Amino acid sequence: MNGRVASRKSGWKVWGLVGALCLGGVDVTAAPAPAGSGPAAVPPAARPAPILALGPSTSPRVLTLEQLRALPSVTYRVEQPQLRRSFSYRGVTLRDLAELGGFGGQDLRLYASNGYLALIRARDYLNAPIMVAYEADGHAISVRDKGPLTVVLPPEPARYRTLAYSGAWVWYVNRLTPVQAGAQGGK
């Protein structure tokens with residue numbers, strides 16, 4: 001077995017299932033540096049797990065939860081339609097995430113770790129604080145409550161409360177990409 005295969009296997013153990021799903025199989029581990037070739041690297045177990053990838057699976061910008069929390073955030077209270085419960089959500093707007101990923105102003109594809117895919121038009125996320133939430137009622141969002149990351153639509157405009165937008169509430173979200181030119185947009 002060569003060092004690359006061994007590194008990938010040990011990397012997946014460290015990054016865990018969430019990391020593997022977030023990155024869509026992209027190998028982010030590197031072969032260890034030869035002994036004595038420079039400063040000691042951070043041990044893989046000490047690296048924060050990636051939670052959200054921005055951009056195509058071939059070259060995403062990957063964010064940890066800590067990095068996501070460090071970005072400007074919005075907070076608002078809204079009912080989660082599948083759970084039929086209201087939460088005060090906190091997270092980062094799709095507008096800010098798209099800009100960070102280098103594809104601001106473009107329609108977005110939002111992917112979930114369970115294989116779900118939704119499309120959100122730029123006109124929606126540019127004109128309303130649609131967010132990727134990481135917190136509900138002051139706590140991390142549990143898997144039971146559609147976390148750790150979930151797309152949340154604001155209470156206004158009222159069209160976001162209709163069946164046409166119900167599919168935009170993506171839970172277990174792990175990747176955002178621009179819709180490619182010529183591809184059909186979302187809601």
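**Figure 1. The whole chain, helix by helix and strand by strand.** Helices and strands here are DSSP runs, with at least four residues for a helix and at least two for a strand, numbered from the N terminus. Counted that way, the chain in this predicted model has four helices and 10 strands. If you trace the sequence from its start, the elements come in the order α-β-β-α-β-β-α-β-β-α-β-β-β-β. The chain has 187 residues, and 37% of them count as buried. Its accessible surface comes to about 9800 Å², with 57% of that belonging to carbon and sulfur atoms. Now look at contacts between residues at least 6 apart in sequence: 60% of these join residues at least 24 apart.

**Figure 2. A close-up of K146, a buried lysine.** Start by finding the loop between β8 (139–140) and β9 (150–152), which is where K146 lies. What is the nearest side chain of opposite charge to K146? It is D145, 7.9 Å away. A salt bridge needs a side-chain nitrogen of Lys or Arg within 4 Å of a carboxyl oxygen of Asp or Glu, and K146 has no salt bridge. Leaving aside neighbours within four places in sequence, K146 is in contact with Q80, Q82, L83, I141, W171 and Y172.

**Figure 3. K146 meets the ring of W171.** Here the charged end of K146 sits over the ring of W171, 4.1 Å from the ring's centre. Is W171 buried or partly exposed? With a relative accessibility of 24%, W171 counts as partly exposed, because buried means under 20%. W171 also forms an aromatic pair with Y172; this pair is edge-to-face, with 6.2 Å from centre to centre and 80 degrees between the planes. Y172 is partly exposed too, at a relative accessible area of 22%. Both W171 and Y172 are among the contacts of K146 listed for the previous view.

**Figure 4. Two tyrosines, Y160 and Y165, edge-to-face.** A pair of aromatic rings is described by the distance of the centres and the angle of the planes. The structure holds three aromatic pairs, and one of them joins Y160 and Y165. For these two rings, the distance is 5.0 Å centre to centre and the angle between the planes is 75 degrees. Are these two tyrosines buried or exposed? Both Y160 and Y165 are buried.

**Figure 5. An arginine over a tyrosine ring: R175 and Y111.** In this last view, look for the charged end of R175, which sits over the ring of Y111. The distance from that charged end to the centre of the ring is 3.9 Å.

Notes. Residues numbered from 1 in each chain as written. Predicted model: local features only at pLDDT ≥ 70, side-chain atom pairs only at ≥ 80, totals over all residues. Heavy atoms only, no water. Buried < 20%, exposed > 50% of the residue type's maximum accessible area, 1.4 Å probe, protein only. Contact = heavy atoms within 4.5 Å. Areas by Shrake-Rupley, 256 points an atom, 1.4 Å probe, with all protein chains shown as cover. Lys, Arg positive; Asp, Glu negative; His and termini not counted. Phe/Tyr/Trp six-rings, centres within 6.5 Å; stacked < 30°, edge-to-face > 60°. Lys NZ or Arg CZ within 6 Å of the ring centre and 35° of its normal.
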